[in-house]
Amino acid sequence: MSAALGATMLMGIPAFADDAVQLRISTPAVETDWHGKMLVVFKDELEELAPGEFDVEIHYNASLFKQGTEPIAMQRGNLDMAMISAFDISKQIPEWSTFTAGYLIRDPEHLTKVFRSDIGDEFYGKVADQMNIKILDVGYLGTRQLNLRTEQEVQRPEDLEGVNLRMPGSDAWQFLGKALGANPTPMAFGEIYTALQTGAVDGQDNPLPTVRAAKFYEVTKQIVKTNHLVDAIFLSMAKKKFDSLTEEQQENVLKAAQAATAFNNEKRIEDEAQLEAFFESQGLKVYSPDLEAFRTHVQAEYLSSSLAEDWIDGIVDRVNAVK
Ligand code: KDO
């Protein structure tokens, strides 16, 4: 033990061993959103399971890597961990765009069951083999809803014609915006608030807990509960890093990841059930549109798209069959 470490321990201040494994995590999330807090749970849980063995550093607000560049940063050995989306993965493994499709996954329970089934094993295996990224667990990011600064009521996809809807910057995200009937505009998460405030965009889509955590309700007038995507976030580690851990450390990392996603999922589901009242108290209109019209339109757009050409035969039926 080094003299410095010995001295710090004597003072009762937790210290990391000289050889603690550094885990740097980068995320565009704000610290107060549930998946932001989920990373703290991961860190604390790991510290409890393996005191002093890991030095977890969390970087919020895309301060370390730009949104969407995390997989490449992990692949290049510049980043240890991130929460990546099916959209990020589909850039490198096209069949993953299956999980970017609107109205496929039914609810958070279905999401967890799908990824803890043989479908998850198969799709995670591809990410490990083709991207050198180890998915530790799936978390529920929430069900995406439309959140607009305009006042015109939206009941059907036609009502979104000409509406400039901010969507994250990748083809698969832009496709989702188009499939909803809107005019999608690519933009990083960190730029949304100002864009809504200045009118550079007419709206954005995100799950309700994120609309609150990022304060988008301050600069918008309505929430249209389209439920268009039951969205996932995959807590992941560079495979090289994961493989460098001892078997016991790997087990502890996986346990900590599961505790973290369980915390996130529980809080998020609880919040989604009660946030409507909060937004109304802030003066927003919150309502359900013609869901059948949205579902039919979006599903037809996906099934006839070039994205679906890359989907594995029978995957939609397999996902639907998970009960
Ligand atoms: C967003 O940019 O709208 C999004 O919700 C996309 C997700 O995949 C994820 O990157 C998320 O932002 C960030 O974690 C910020 O909450």
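Colleague: How much space lies in the largest pocket, and what makes it a pocket?

Modeller: About 470 Å³ of space lies in the largest pocket, counted as the space filled by probe spheres set on grid points joined across faces, edges and corners. It's called a pocket because, on a 1 Å grid over the protein atoms alone, it is an open set of points with protein on both sides within 12 Å along at least five of seven lines. A cavity would be a set of points where a 1.4 Å probe fits but cannot get out. Mind you, this is a predicted model, where local features need pLDDT of at least 70, side-chain atom pairs count only at pLDDT 80 or more, and totals for chains, interfaces and linings use all residues. Residues are numbered from 1 along each chain as its sequence is written, and side-chain values use heavy atoms, with hydrogens and water left out.

Colleague: Which residues line the largest pocket nearest its centre?

Modeller: Pro 28, Gln 67, Ser 85, Pro 168 and Trp 173, out of 30 lining residues; a lining residue has an atom within 4 Å of a point. β8 gives the largest share, 3 residues, while α4 (86-90), β4 (133-148) and β8 (222-238) each supply at least two.

Colleague: How do you know what takes the space of the largest pocket?

Modeller: The ligand takes it. A molecule sits in a pocket if more than half of its atoms lie within 2 Å of the pocket's grid points, so the ligand counts as sitting in the largest pocket.

Colleague: What makes a residue part of the shell around the ligand?

Modeller: One of its heavy atoms has to lie within 4 Å of the ligand. Pro 28, His 35, Leu 141 and Phe 189 are among the residues that surround the ligand. By class, the shell has 6 nonpolar, 4 polar and 2 charged residues.

Colleague: Why is the pair between Arg 144 and the ligand called a polar contact?

Modeller: A polar contact is a pair of N or O atoms within 3.5 Å. A polar side-chain atom of Arg 144 lies 2.8 Å from an oxygen atom of the ligand, so that pair qualifies. Arg 166 has a side-chain N or O atom 2.7 Å from a ligand oxygen, and a polar side-chain atom of Asn 206 also lies 2.7 Å from a ligand oxygen. Taken alone the ligand exposes 370 Å², and the protein buries 96% of that (Shrake-Rupley method, 1.4 Å probe).

Colleague: How much space lies in the second largest pocket?

Modeller: About 290 Å³. Among the 16 residues that line the second largest pocket, Arg 106, Thr 143, Thr 226, Asn 227 and Val 230 are the closest to its centre. β8 gives the largest share of this lining, 4 residues.

Key. Polar contact = N/O pair within 3.5 Å; in protein donor to acceptor, adjacent residues only side chain to side chain. Nonpolar A, V, L, I, M, F, W, Y, C, P; charged D, E, K, R; others polar.
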